[in-house]
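This report is an introduction for someone meeting the structure for the first time. It goes from the overall fold to single helices, and from there to a few residues.

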Amino acid sequence: MLKFAQRLLPPRVQRALDQLGETLSVITEMRDPRVMASLGPSALRGLVFKRGKQGEPTLTPARHSAYFDWSYPGDQAEMAELYARAKRGQWDGDDLPWHLGVDFENADKSMFPMDFLDWELGEELGIRLTEAERVRLITDMGTWSLSQFLHGEQGALLAAAQVTEAVQFMDGKLYGATQVVDEARHVEVFARYLETKAQKLYQINDNLFTIIDALMADSRWDIKFLGMQIMVEGLALGAFGTMYNQTKEPLLKELLKNVIQDEARHVHYGVVALREHITKQLDERERREREDWAFEVAMLMRNRFLAYEVYDEWFSHRLSRASWRQFIGRSPGMEGFRTLMFSRLVPNLREIGLLSDRIRPHWERVGLLRFANGRAADQVTAEEVLAGEVPAAAA
Ligand SMILES: [Fe+2]
Ligand SMILES: [Fe+2]
């Protein structure tokens with residue numbers, strides 16, 4: 001009845017109501033009041049005030065403690081090994097084949113294949129486009145994805161710097177410094193690609209802003225770690241892996257290959273640091289809060305990266321947000337991305353002690369518990385990550 005009444009309203013009002021409904025559903029889905037206290041203000045800044053879309057820099061207050069240890073202990077062998085590997089694995093963004101021209105409209109050099117979207121479903125929903133328009137929409141979806149990668153990389157750069165200050169392992173600080181450089185290089189190459197090749201930049205997605213804002217403002221170092229090294233890095237690996245496997249654009253493929261190898265190290269670091277902390281140092285109440293926080297953030301990531309920024313540009317005057325949501329949400333490309341992302345994320349949560357019997361039914365309810373027995377990041381090689389396969393369960 002309500003839906004019917006809504007359809008009688010002018011399209012602009014319908015869109016605003018739909019957006020408000022989505023925002024409220026994000027906030028009301030948070031069952032744990034402590035999770036609400038942590039994510040709620042960021043959801044307001046991101047989803048309601050759209051702070052990332054104001055065309056001006058954002059100032060996010062940070063309240064964590066910097067942790068010094070004047071005795072310089074060699075305190076974590078696995079992190080020391082990651083530090084050594086990271087030093088050997090450095091590369092220069094200038095060495096990528098930037099001289100190659102791009103031709104996104106050529107099917108052999110497109111950012112995404114045409115079947116990334118389900119055109120038949122689109123027709124049913126009222127999306128009628130010429131062949132040339134379809135090619136342009138696919139290119140815009142690719143550019144939108146790359147723009148979100150860039151915004152995420154800026155978040156990763158600043159978060160990696162915070163985490164390097166706050167982490168309580170000396171070997172973790174040395175390793176963390178390499179990650180700061182890695183993330184700077186990722187910002188450099190994605191920004192350069194968007195500026196010189198795609199020649200377009202989409203604004204930050206509101207949900208991505210919310211997650212980054214929440215983990216930057218939280219004073220607890222392990223929440224920053226959980227948010228950045230496990231959740232956002234997991235999201236990035238799923239997204240980069242999907243694009244790496246599907247793109248036919250040679251420069252982009254090379255760029256993503258290099259970035260993915262760095263990101264595999266970053267998630268590995270997150271698993272090593274948090275496994276020890278969560279399973280041995282937190283009490284049960286604190287552990288439960290992290291478990292709920294991770295689940296809520298996963299839900300923010302699952303259903304909400306729906307390219308509304310592309311919708312606003314292409315369809316806001318002729319299609320409902322609900323139809324767009326179906327078109328993108330059920331597209332084969334986005335399905336593949338979600339599968340890859342969660343096949344990597346869920347085993348990592350298990351490994352760090354955030355997949356107890358208490359939370360498993362919630363993961364089951366949203367259809368993601370099937371990934372619970374996969375191998376965690378410390379057991380997956382960079383080559384396997386590049387192969388883009390859904391990792392098999394541990395033997
Ligand atoms: Fe990165
Ligand atoms: Fe990273």
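Helices, as the word is used here, are DSSP runs of at least four residues in state H or I, numbered from the N terminus. The model is a predicted one, and by this assignment its protein chain has 16 helices and zero strands. Of the 395 residues in the chain, 44% are buried. Among contacts with a separation of 6 or more, 81% join residues that are 24 or more positions apart.

**The core and helix H9**

The largest nonpolar core holds 102 residues, and those with the most contacts inside it are Val163, Ile211, Met231, Phe240, Leu274, Ala294 and Val297. The greatest contribution to this core, 14 residues, comes from helix H9, which covers residues 221–246. Helix H9 is mostly covered, with 24 of its 26 residues buried, and it bends by about 30° at Glu233. Its 26 residues, at 1.5 Å a residue, should span 38 Å, and this agrees with the 36 Å between its end C-alpha atoms.

**Helix H8**

Helix H8, residues 206–217, is largely enclosed by the rest of the structure, because eleven of its twelve residues are buried. The buried residues of H8 include Asp206, Asn207, Thr210 and Asp213 as well as Leu208, Phe209 and Ile211. For H8, too, the expected span of 16 Å agrees with the separation of its end C-alpha atoms, which is 16 Å. Ile211 is in contact with Gly227, Met231, Val232, Val297 and Leu300, when neighbours within four places in sequence are left aside; of these, Met231 and Val297 are also among the residues with the most contacts inside the core.

**Two buried residues and their distant partners**

Val163 lies in helix H6, which runs over residues 131–166, while Asp171 has its place in helix H7. Val163 has 27 other C-beta atoms within 10 Å and is therefore buried; Asp171 also counts as buried, because it has 22 C-beta neighbours inside 10 Å. Not counting residues up to four places away in sequence, Val163 touches Gly176, Trp221, Lys224, Phe225 and Met228. On the same footing, Asp171 is in contact with Gly74, Asp75, Gln76, Met79, Ala80 and Tyr83. The table sets out one C-alpha to C-alpha distance for each of the two residues.

| Pair | Separation in sequence | C-alpha to C-alpha distance |
|---|---|---|
| Val163 and Arg220 | 57 residues | 9.9 Å |
| Asp171 and Met79 | 92 residues | 5.7 Å |

**Two loop residues with positive phi**

Most residues other than glycine have a negative phi. Which angle does Tyr72 have, although it is not a glycine? The phi of Tyr72 is positive, at about 50°, and Gln199, likewise not a glycine, has a positive phi of about 55°. Tyr72 is found in the loop between helix H3 (33–48) and helix H4 (77–88), whereas Gln199 lies in the loop between helix H7 (170–198) and helix H8 (206–217).

Are these two loop residues buried or exposed? A residue is exposed if 12 or fewer other C-beta atoms lie within 10 Å of its own. Tyr72 has 10 such atoms within 10 Å and is therefore exposed, and Gln199 is exposed because it has 9.

How values were computed
Residues are numbered from 1 along each chain as its sequence is written. Chains are lettered from A and ligands numbered from 1 in the order in which they are written. This is a predicted model: local features need pLDDT of at least 70, side-chain atom pairs count only at pLDDT 80 or more; totals for chains, interfaces and linings use all residues. A nonpolar core is a set of buried Ala, Val, Leu, Ile, Met, Phe, Trp, Tyr and Cys residues joined through C-beta atoms within 7 Å. A residue is buried if 20 or more other C-beta atoms lie within 10 Å of its own, exposed if 12 or fewer, and partly exposed in between; C-beta atoms are placed from the backbone. Helices (H or I, at least four residues) and strands (E, at least two) are DSSP runs, numbered from the N terminus. Two residues are in contact if their C-beta atoms, placed from the backbone, lie within 7 Å. The expected span of a helix is 1.5 Å times one less than its number of residues. The bend at a residue is the angle between axes fitted to the seven residues ending there and the seven starting there.
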